[in-house]
Structures are given as C-alpha cells and as structure tokens.
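Student: Could you take one part of this structure and go through it closely, from the backbone pairing to the charged side chains and their cover? I would like one connected account rather than a list.

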Amino acid sequence: MERPALILLLFVLLMSGRHPEFRPPPRSVVVAVSAKPLPLFPDEPDRRQVGELRYLEGWELDGGTAFGSISSMTVDDSGQVTALSDAGDVMVFHPGESRFRAHIYPVAILPTEKHAPKHRWDTESQAHDPATGRIWVGFEAIMRICRYSAGFARVERCASPPAAQKWPRRTGLESLVRLSDGRFLAIAEESPGPAGGHDVLLFPGDPVDPATAPPVRLSYMAPPGYLPTDAIVLGGGRMLVVNRRLTLADMFTAVVTLVDIRDLSPGAILQGRAVARLAAPMPHDNFEALAISHEKGRPVLWIASDDNGLFFQRSLLLKFAMPPEWFGKADGR
C-alpha cells in the first residue's frame with residue numbers, strides 16, 4: 001500500500017504548490033518573515049553534532065504565501081541569502097533576527113515568452129561566478145539553462161542542451177554546479193546514467209555559449225533510495241550533494257554526501273560518502289538547497305528546504321560548520 005500512497009502524495013506535492021497557471025505581471029515586493037530558532041535536537045539542547053557536521057544555528061521561516069519554496073540559493077559572506085523558488089521568484093534576505101524583511105521579485109525571462117504559463121519557470125538550480133556576479137539557472141520544466149547578469153537583472157543567453165531533453169520534466173535539471181576552471185556539472189534527479197547511477201552532464205565551458213563543445217556523460221551514485229537535489233563544490237576536488245527521500249514512515253529525510261570529483265573523465269562514476277543524515281528527531285523536511293559562505297574565515301554550510309507552498313511542510317534554513325580537511329588546496333576543480 002505504501003507505493004500508491006506515495007504516488008498520490010507526490011502528485012499533491014507537485015501540483016498544489018505555488019504554481020498559478022500564468023505568470024503575473026513582474027513586480028517587486030517586500031514581505032515580513034518570522035524566524036523561529038530551532039535546536040538541532042529538541043530534547044538535547046547541547047547536542048550539536050550530526051555525522052561530520054556541527055550545527056551552528058537554524059530557523060523555521062514563515063513569510064506567508066509570497067515567501068518559501070526555496071529550491072536553490074547562494075549566501076554571501078555578510079550572510080545575505082539570495083534564493084530561488086520553484087515558482088521562478090528571487091528572494092533576498094538576511095536571517096538571524098526573529099523577524100526580518102525579504103525582497104522578492106521574479107527572475108527576468110525572455111521577452112517573447114512573457115505570456116507563457118508560469119509553471120515553465122520552475123527554477124530548480126543555480127550556479128554562480130563570484131568574479132563576475134553572473135548566475136546560471138536551471139529551469140527544470142523546460143530543460144533550459146539561462147545565464148543572468150548580476151542580481152538576475154537581465155537574461156544574457158539561454159540554451160536547451162540536447163543531452164538533457166530526455167530527462168524527466170519534473171525531476172531533471174535539479175543540480176547545477178560551476179567548477180573553478182569554468183566547467184559545469186548538471187545532475188539529473190531521476191534520469192538514469194551510466195552504471196545505474198544518476199545522469200550527469202559535464203560541460204567543458206559555459207553551457208549556454210554556442211562555442212562550448214557538447215557535454216560528456218558521467219554518473220552519480222546516490223545513497224540507496226535517495227535522489228540528488230542540489231550540489232556545491234568545496235574546492236580540492238570535492239563536492240557536497242544533498243540527497244532526499246520521501247517515505248510514509250519518515251516523510252522527508254536527507255543524506256549529505258561528500259563526493260570526490262578529481263576524475264571527471266567520460267563515463268566516470270562519482271561515488272559519494274555519507275557525512276550526515278538529516279532525519280528525526282532533528283529538524284527535517286524537503287531539503288533542496290545548499291550554499292557555502294565564510295564567517296570569520298571559516299566556511300559555513302547552509303541547507304534549506306522547499307515547502308512546496310503546502311501547509312504541512314516548512315521552510316527550514318540550517319547552518320553547519322564543516323571539517324577543515326574537506327577544503328584542500330585548489331586543484332582547478
């Protein structure tokens with residue numbers, strides 16, 4: 001009985017969130033958001049270790065119907081979060097206070113598509129170039145990657161990689177990573193890749209540049225029963241991936257894996273090592289977004305959940321310290 005019930009639940013999750021049929025006129029709004037501090041383990045307030053991560057702080061965020069559904073994000077060293085929702089909105093805010101204000105505005109789209117249904121703008125992934133401020137966004141429903149100027153102010157160029165067109169429209173372009181040498185990794189949530197893993201495309205350059213050669217295929221091996229929902233590069237040939245699972249018994253849980261990406265040759269199998277499991281009794285939900293910032297010179301991992309606009313899910317934002325040995329000398333990746 002579990003499988004039919006899960007199928008029904010997934011249908012509700014996909015169809016009942018913030019996805020009006022047509023995109024409203026572009027507008028910028030500022031909303032008040034409440035931030036409820038969260039202990040890692042409610043019955044053990046001094047316990048802060050989960051796997052190899054050390055909990056710093058976290059919040060349950062509530063900004064009404066306009067705020068939430070975080071599917072990807074970046075965080076600068078001042079602690080400012082720039083998140084994308086799966087409804088194509090940008091949310092900019094500084095967490096930490098019990099109440100704060102979030103600036104929300106829609107991502108720019110191609111002028112010729114301003115009347116297209118809003119579900120087309122399912123922004124599930126992003127990659128950032130800190131040197132230029134440019135952002136690459138993965139649109140899952142239409143299997144498109146667009147490059148934006150800093151602050152999402154302008155669409156510079158878009159492309160629909162042929163190699164990704166067979167990926168599922170709701171579980172395809174879930175993760176997008178820019179390596180320090182200018183290459184990109186795109187990870188499919190469900191599309192099978194070589195050796196039975198998840199399909200991965202390695203672009204030798206900017207994926208929206210017509211001069212970039214076609215990508216090669218690799219495979220990511222997620223923990224059994226889990227699906228990859230976001231990834232971020234650490235440097236030193238390492239990458240973190242957050243992997244999600246939904247069951248009736250546990251609802252949403254996640255596993256964070258540390259992945260060696262020094263070998264990115266065609267057909268390579270990227271095998272992760274589980275470093276943390278996010279499940280009860282700690283705060284857990286539909287974790288879909290990873291980011292890294294620096295505080296007092298130390299790297300900090302941020303993890304956020306997508307509430308899908310549903311009353312029984314939550315927008316969680318958690319911060320963790322990471323082992324310093326994860327950050328080796330930069331090696332071009």
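Tutor: A word on cover comes first: a residue is called buried when its relative accessible area is under 20% and exposed when that area is over 50%, and partly exposed describes whatever falls in between. Gly96, with a relative accessible area of 41%, is therefore partly exposed, and it is found in the loop between strand S6 (89-93) and strand S7 (99-106). Please keep in mind that this is a predicted model.

The part I would look at closely is strand S10, which covers residues 144-148. S10 is mostly covered, since five of its five residues are buried. In a regular strand, side chains alternate between the two faces of the sheet. In S10, Arg144, Cys146 and Tyr148 point one way, while Ile145 and Arg147 point the other way, and all of them are buried.

S10 has a pairing partner on either side of it in the sequence. Strand S9 (residues 135-139) runs antiparallel to S10 and is joined to it by five bridges, with Ile135 standing opposite Tyr148. These two strands make a hairpin with four residues between them, and in that turn Met143 has a positive phi of about 50 degrees. Strand S11 (residues 155-159) also pairs with S10 in the antiparallel sense, over four bridges, and there Ala159 is the bridge partner of Ile145. S10 and S11 again form a hairpin, with six residues between the strands, and Gly151 in the turn has a positive phi of about 75 degrees.

From Arg147 the account moves to charge. The side chain of Arg147 meets that of Asp206 in a salt bridge, at 2.6 Å from N to O. Asp206 lies in the loop between strand S14 (198-203) and strand S15 (216-221) whereas Arg147 lies in S10, so this pair ties together parts that are 59 residues apart in sequence. Both Asp206 and Arg147 are buried.

A salt bridge with more accessible partners is the one between Glu156 and Arg154, where N and O are 3.6 Å apart; Glu156 is partly exposed because its relative accessible area is 22%, and Arg154 is partly exposed as well, at 48%. These contacts belong to a network of salt bridges that links Arg134, Arg147, Arg154, Glu156 and Asp206.

For context beyond S10, the count of salt bridges comes to 16. One of them joins Arg314 to Glu60, whose closest N and O atoms are 3.4 Å apart. This pair links distant parts of the chain, 254 residues apart, as Arg314 sits in the loop between S21 and strand S22 (315-321) and Glu60 in strand S3 (residues 53-62). Arg314 is partly exposed, with a relative accessible area of 28%, and Glu60, at 22%, also counts as partly exposed.

Other positive charges are grouped at the surface, where Arg48, Arg54, Lys296 and Arg298 form a positive patch. Arg298 lies in strand S21 (residues 298-305) and is partly exposed, at 37% relative accessible area. To return to Gly96, its C-alpha is 8.9 Å from that of Glu57, although the two residues are 39 residues apart in sequence.

Methods: Residues are numbered from 1 along each chain as its sequence is written. This is a predicted model: local features need pLDDT of at least 70, side-chain atom pairs count only at pLDDT 80 or more; totals for chains, interfaces and linings use all residues. Side-chain values use heavy atoms; hydrogens and water are left out. Patches are made of residues with over 30% relative accessible area and no salt bridge: like charges are joined within 9 Å, nonpolar side chains (Val, Leu, Ile, Met, Phe, Trp, Tyr) within 5 Å. Accessible areas come from the Shrake-Rupley method with a 1.4 Å probe; for residues, only the protein chains shown count as cover. A salt bridge is a side-chain nitrogen of Lys or Arg within 4 Å of a carboxyl oxygen of Asp or Glu. Lys and Arg count as positive and Asp and Glu as negative; His and the chain ends are not counted. The place of a charge is taken as NZ of Lys, CZ of Arg, CG of Asp or CD of Glu. Buried means under 20% relative accessible area, exposed over 50%, partly exposed in between (1.4 Å probe, protein chains only). Two strands pair if DSSP finds at least two bridges between them.
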